[in-house]
Amino acid sequence: MTHGRRTGTIDTVDHSQALRTLARRLGTSTSYRGWDDTEHEVSDDTLQQVLTARGYATESPEDVDRALADIENAPWRRLLPPVVVATQGTDAVVWVHVPHGNPVEVSMVSEDGESIDVPQADVWVDPREIDGHLIGRATFVVPGNAPLGWHSLTATTISEDNTVRTSEAVVVVTPKSLSPNAELADRQRTGLLTQLYSVRSRRSWGIGDLGDLEDMADIAGREHGFDYLLVNPLHADRPTTPVEASPYLPTTRRFFNSLYIRVENIRETAQLSPKQFGKVQDAARRFEKANTRTKKLDRDRTFTAKLRALERVHKVERSPARESAYRAFVEREGSGLRDFAVWSALAEKFGPRDPVWTDRAAHPRTDFVREQRAKLADRIDFHMWLQWICDEQLADAQRGALDAGMDIGIMHDLAVGVARGGADAWALGDVLASGVTVGAPPDNFNQQGQNWNQPPWDPDRLREMAYIPYRDMLRTILRHAGGIRVDHILGLFRLWWIPQEAENAGGGTYVEYDHEALIGILALEAERAGAVVVGEDLGVFEPMVQEYLTERGIFGTSILWFEADESGPIPPEEYRSLCLTSVTTHDLPPTAGYLRGEHIDLRSRLGLLERDIDAEKEVDARKREAVLDLARERGLLDTDTAADDHRTVEALHRLVQRSPSLLIGVALVDAVGEHRIQNQPGTDETQYENWKVPLADADGRRVLVEDLVDHPRMVSLAAAMATESTDR
């Protein structure tokens with residue numbers, strides 16, 4: 001019996017060691033260094049669940065051994081890899097696998113139809129026996145002078161029995177460094193950071209919309225001299241109520257939220273019959289009071305009323321030119337748009353919990369879904385039309401921003417992921433992993449970790465798809481953007497995967513991604529769009545992340561309160577130049593609230609603190625005071641007299657202007673004196689009204705878009721920053 005127990009123990013140890021070997025081979029961390037600078041071991045149970053989500057059997061040491069062998073042999077079983085992502089200026093190696101001794105020819109054609117020479121390198125690799133056959137490896141080289149773009153590589157081999165075998169691969173040539181970012185090196189530029197839904201106008205329907213975005217950009221650029229307007233993610237939500245409040249939990253990241261459409265700005269609205277037009281006007285008038293409320297936004301009411309109005313406008317016959325423009329849009333967006341519209345129509349018909357989603361409508365290609373495409377044709381067209389209208393109004397906003405004198409214009413925000421059970425999870429299939437969600441491990445700001453309840457990209461399947469879903473998403477967002485902010489850009493290097501069965505967000509582990517491919521494709525699509533790229537690189541990350549982003553010309557992010565080391569706050573003069581620097585962020589209270597320690601009080605009420613509140617307040621106050629001392633040392637704050645919130649906010653914004661950062665961000669909430677936080681990470685709607693706070697000033701009075709023209713605090717802050725810029 002003793003021998004049996006020892007054998008069991010040995011087997012368990014062997015399995016654990018093999019499991020960890022497999023995990024490391026797949027870029028899955030078996031331990032990680034946390035915010036407390038200590039090493040944390042990942043449990044075997046977590047590793048098994050994460051690897052299972054990636055499609056690997058790990059129940060026994062034999063399962064793990066087979067998985068390791070399959071990983072090693074997989075490239076040898078295919079003629080070409082699915083994709084090669086290269087960096088312009090550097091030769092890229094391509095391995096071609098054929099039966100040993102068989103000849104092979106490789107050709108490459110650019111996306112413009114031009115032939116590109118792909119020479120074979122004189123590299124000998126010993127053949128390998130794969131599945132009973134001797135397979136050889138030939139090495140070819142994509143030249144470093146290949147043009148930027150998405151190209152096609154073809155390999156052809158002929159066996160001894162004259163059987164011809166052909167395979168194709170995608171070759172993506174990406175820029176070494178992003179030129180739109182490099183073009184900003186001549187001077188520092190300042191932008192306004194805003195949550196669009198929270199900023200209403202007299203013409204809004206209770207929620208800020210794309211018409212408001214256009215007007216805000218005009219006011220910010222023309223009246224106050226801002227160079228860009230960074231807006232929250234505008235990704236699409238479910239087509240039914242209740243509307244998801246968080247802009248960072250969309251149903252898809254490729255398409256846009258029709259809640260933001262300005263109905264009156266659609267050309268066909270003017271063609272409504274007097275009776276139908278009157279109904280639209282009546283609906284708009286019912287939101288006049290909602291535009292002035294300051295306690296809580298009501299997205300459901302807005303969406304319901306707006307959807308009825310949009311249905312009326314959709315029925316209006318379009319002119320030949322308008323019809324051609326719409327059809328061209330549908331053709332350009334292709335199957336991705338059609339699948340999204342089909343999902344939207346099905347979601348309206350069946351709701352989120354109908355069992356139809358697990359069988360008959362499990363994916364876009366089932367027989368049942370094909371039948372529904374015909375039955376729901378009108379509704380599918382409606383949802384495609386909504387995206388066309390979004391596209392037009394986004395184009396108007398960007399054009400208006402540039403006409404107002406902005407150098408960059410509208411900067412969009414890309415969320416980390418999408419909701420489970422949404423359009424992307426349905427349409428993209430196993431490109432998104434199931435059984436896991438993403439989030440963040442415990443850190444100093446969120447001491448219990450975060451679970452964002454989003455399925456991650458499966459790195460293996462994404463590569464098999466040649467990164468096309470990722471590319472298409474970027475193209476849609478960048479089409480009418482002067483820039484893009486990538487939320488948690490660390491997720492393009494590694495993501496914190498949390499098994500759905502885990503007790504808390506801390507029970508996860510990091511999974512690595514091919515960051516050279518993902519960052520390269522991001523740079524390529526932004527290069528083609530002429531868009532600036534900012535990566536939100538806050539949190540726990542490896543030092544190489546910021547180094548690599550700098551190498552590729554991608555801007556990072558600095559928040560004044562977070563820029564510190566062991567000796568205290570870092571002087572702004574030592575910040576990075578390739579960076580968007582701001583005083584605060586949407587995950588903190590506006591500066592007026594932060595100065596009062598409101599974030600500590602809120603986190604204490606919500607049970608998010610691990611330390612005693614008095615100790616937490618003492619530490620936080622000491623850190624805040626150290627930052628204020630930086631402003632005092634530079635003569636931006638009086639050293640003898642306590643400054644009010646207004647003057648302190650202005651001083652801190654002038655302080656960050658002392659940094660070499662090429663982009664400075666001013667939160668609109670700071671510009672008008674708001675003190676309430678928009679989002680408290682680590683909470684849900686039962687704990688805090690995240691993403692539902694309308695814009696108000698220091699006295700709790702509503703602030704409309706029209707008020708921004710001559711709002712005293714905004715005028716004063718813009719003038720103070722202009723003075724600082726001149727003094728520099």
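Let's start inside the protein, at Cys 390: with a relative accessibility of 0%, this residue counts as buried, because anything under 20% falls in that class. Keep in mind as you look around that this is a predicted model. Cys 579 is a second buried cysteine, and its relative accessible area is also 0%. If you are wondering about cysteine pairs, the structure holds 0 disulfides.

From Cys 390, move along to Gln 393, which sits in helix α10, spanning residues 377-403. Is Gln 393 buried or exposed? With a relative accessible area of 5%, Gln 393 is buried. Leaving aside residues up to four places away in sequence, Gln 393 touches Leu 210, Tyr 260, Ile 261, Arg 262, Asn 265 and Ile 266. For a sense of scale, take Ser 344, which is 49 residues from Gln 393 along the chain: the C-alpha atoms of these two are separated by 21 Å.

Now turn to the sheet. Strands of a sheet pair through backbone hydrogen bonds, in either a parallel or an antiparallel way. Here you will find an open sheet of 8 strands with parallel pairing, and reading across gives the order β21-β18-β15-β12-β11-β26-β25-β22. The edges are β21 (532-535) and β22 (556-559); each has a single partner strand, so one side of each is left without a neighbour in the sheet. On average, neighbouring strands are turned by 25° against each other, ignoring direction.

To see one pairing in detail, look at β11 (residues 189-194) and β12 (residues 228-231), parallel strands joined by 4 bridges. Within that pairing, Leu 192 has Leu 229 in β12 as its bridge partner.

Helix α19 packs on this sheet, where it touches β25 (579-582) and β26 (663-667), and the direction of α19 makes about 165° with that of β26. Cys 579, the buried cysteine from the opening, has the number at which β25 begins.

The helix α19 also leads you to another helix. Two packed helices are described by the angle between their axes and by the distance between those axes. For α19 (residues 645-657) and α21 (residues 712-727), the axes come within 9 Å and cross at roughly 35°, and the crossing is right-handed. Which residues of α19 and α21 meet? Among those in α19 are Asp 645, Arg 647, Val 649 and Glu 650, while the α21 side includes Arg 713, Leu 717, Met 721 and Glu 724. By class, this contact has 4 nonpolar, 6 polar and 7 charged residues.

Technical notes. Residues are numbered from 1 along each chain as its sequence is written. This is a predicted model: local features need pLDDT of at least 70, side-chain atom pairs count only at pLDDT 80 or more; totals for chains, interfaces and linings use all residues. Side-chain values use heavy atoms; hydrogens and water are left out. Axes are lines fitted to C-alpha atoms, for helices over the stretch in contact, and angles run from 0 to 180 degrees between N-to-C directions. Helices (H or I, at least four residues) and strands (E, at least two) are DSSP runs, numbered from the N terminus. A crossing is left-handed if the near helix is turned anticlockwise from the far one by less than a right angle, and right-handed if clockwise. Contact means heavy atoms within 4.5 Å. Ala, Val, Leu, Ile, Met, Phe, Trp, Tyr, Cys and Pro count as nonpolar, Asp, Glu, Lys and Arg as charged, and the others, Gly among them, as polar. A disulfide is a pair of cysteine sulfur atoms within 2.5 Å. Buried means under 20% relative accessible area, exposed over 50%, partly exposed in between (1.4 Å probe, protein chains only). Two strands pair if DSSP finds at least two bridges between them.
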